[in-house]
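Please open the structure in your viewer and keep the selection panel at hand. The tour moves from one selection to the next and says what is found at each stop.

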Amino acid sequence: MGLRSSLRKTLIPIAQEAAADAHELRCVFIEITRRCNLACLHCGSDCTADSRARDLPPESILKVLDEIRSKYDPHRIMIVLSGGEPLCYPGVFELGKEIAAREFPWGMVTNGYAWTGGMIPASRAAGMASITVSLDGLEADHDWFRGREDSFRRASRAIELLARNPCYRKMDVVTCVNRRNIERLNELYELVKKLSVTSWRIFTISPIGRAATNPELVLTGPELRGLFETIKELRSRNEIAVSYSESGYLGHEFEGVVRDQPFFCQAGISVSGVMINGDILACPNIDRRFAQGNIAADSFVDVWEHRYRIFRDRSWMGRGGCAGCGEWRLCRGNSFHLFDPESSSTKLCYCRLLA
């Protein structure tokens with residue numbers, strides 16, 4: 001065990017440093033709208049049904065993709081349409097068709113509320129490669145969390161429709177675990193399995209957006225430990241692929257146990273994003289003050305190649321509570337979306353929380 005741990009602490013950082021140096025673009029999140037048909041308690045973008053933020057125009061999106069395509073192989077770069085709710089964006093499948101015509105694989109993350117059977121052929125014709133649907137508990141928990149009655153029924157129906165029509169490279173369900181639904185994960189697991197889902201990702205609330213001020217959302221240390229033990233047990237059943245989605249470095253006890261891949265925040269390493277106002281960000285979840293340019297005035301490729309050093313060299317984050325930490329080389333200051341520019345420190349250290 002000592003040798004394995006030693007090798008892990010040596011080899012993983014070497015691989016991560018090489019990935020940071022190479023910074024091969026593999027995924028671009030595009031925030032196409034701030035409009036949403038739900039009112040989720042944890043929303044990080046404060047989305048509303050009648051958002052005053054103007055949708056990102058298709059021509060702006062396609063201009064960026066044309067520039068990326070002129071420099072990189074589009075087949076190796078996933079375009080993820082996000083929001084808000086992507087299905088609130090007028091002509092989303094027409095946009096998807098244009099993305100596919102440029103040879104990019106594309107997909108979306110949806111709450112499933114507006115998904116209908118007619119969207120199966122529409123999405124197939126548009127060349128959609130992946131879709132993720134959120135299911136955040138059994139009916140009462142999901143509807144409470146999503147802020148709208150009937151949202152559970154509609155999300156479940158969307159999942160059922162998609163699972164019956166396996167025409168995408170990847171289709172999975174993602175669940176946000178909070179203090180209200182954590183006790184019913186085994187029941188939710190059985191429902192997900194019943195809906196014929198083969199991949200289920202679980203994540204937890206970070207203290208950002210609306211969630212930062214809601215005490216019912218962020219798990220305590222003992223609750224988080226209980227969650228990881230539950231995930232460990234569910235994974236051992238080998239019935240469906242269950243994993244904890246990347247939220248941060250979990251320490252040696254749970255890294256490699258609740259997910260297959262080691263923690264590595266990909267913001268600015270392989271992942272980038274274009275926000276609804278055109279800002280070029282390394283990830284849609286990080287503080288908007290870390291924008292490195294704007295597509296209205298800057299070249300996306302130039303920003304990606306020359307202005308992302310702050311994300312690739314994390315040595316500047318090794319201060320405060322991180323200074324002298326024995327887990328630094330594997331954690332590198334935790335996920336970038338957890339970094340607080342006001343205090344110049346991480347908002348959440350899983351190692352300390354689980355201690």
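Contact, as the word is used on this tour, means that heavy atoms lie within 4.5 Å of each other. Bear in mind throughout that this is a predicted model.

**First stop: helix α8**

Begin by selecting residues 221–236, which form helix α8, a run of 16 residues that reaches 23 Å from its first C-alpha to its last, close to the 22 Å expected at 1.5 Å a residue. Now show the side chains of the buried residues in this helix, which are G221, E223, L224, L227, F228, I231, L234 and R235. If you turn the view to look down the axis of α8, these buried residues fall within an arc of 160°, so they line one face of the helix. To see what covers them, add β5 (170–177), α7 (185–194), β6 (199–204), β7 (241–244) and α12 (350–354), which are among the covering elements. Just beyond the helix, select N238, which follows α8 and has a positive phi, near 55°.

**Second stop: the helix pair**

Keep α8 on display and colour α7 separately; the axes of the two helices come within 11 Å and cross at roughly 35°, and α7 passes α8 in a right-handed crossing. The contact is made by L185, N186 and Y189 on the α7 side, and by L227, T230, E233 and L234 on the α8 side. Two of these, L227 and L234, also belong to the buried residues of α8.

**Third stop: the sheet**

Next, select the strands of the open sheet, nine in number, which follow the order β7-β6-β5-β4-β3-β2-β1-β8-β9 with mixed pairing. At the edges stand β7 and β9 (280–281), each with a single partner strand, so one side of each is left without a neighbour in the sheet. At the β9 edge, strand β8 (residues 271–274) runs antiparallel to β9 and is joined to it by two bridges, and here V274 stands opposite I280 in β9. Two helices can then be added to this view. Helix α6 (residues 151–164) packs on the sheet, where it touches β4 (128–134) and β5, and its direction makes about 150° with that of β4. Helix α8, from the opening stop, likewise packs on the sheet, touching β5, β6 and β7, with its direction at about 155° to that of β7.

Now move to β4 itself, a strand that is mostly covered, since seven of its seven residues are buried. Strand β3 (residues 106–110) runs parallel to β4 and is joined to it by five bridges, with G107 standing opposite S130 in β4.

**Last stop: unusual backbone geometry**

Most residues other than glycine have a negative phi, and most peptide bonds are trans. With that in mind, select G83 and G84, which are joined by a cis peptide bond with omega of about 20°; G84 lies in the loop between β2 (78–82) and α3 (92–101).

Then select D150, in the loop between α5 (139–146) and α6, where phi is positive at about 80° although the residue is not a glycine. Finally, go to R332, in the loop between α11 (328–331) and β10 (339–340), which is not a glycine either and has a positive phi of about 55°. Is each of these two residues buried, exposed or partly exposed? D150 is partly exposed, with a relative accessible area of 26%, whereas R332 is buried, with a relative accessible area of 12%.

Technical notes: Residues numbered from 1 in each chain as written. Predicted model: local features only at pLDDT ≥ 70, side-chain atom pairs only at ≥ 80, totals over all residues. Heavy atoms only, no water. Helix = DSSP H or I, 4+ residues; strand = E, 2+ residues; numbered from the N terminus. Expected span 1.5 Å × (residues − 1). Buried < 20%, exposed > 50% of the residue type's maximum accessible area, 1.4 Å probe, protein only. Arc of directions from axis to C-beta. Pairing = 2+ DSSP bridges. Axes fitted to C-alpha atoms, helices over the stretch in contact; angles between N-to-C directions. Left-handed = near helix turned anticlockwise from the far one by under 90°.
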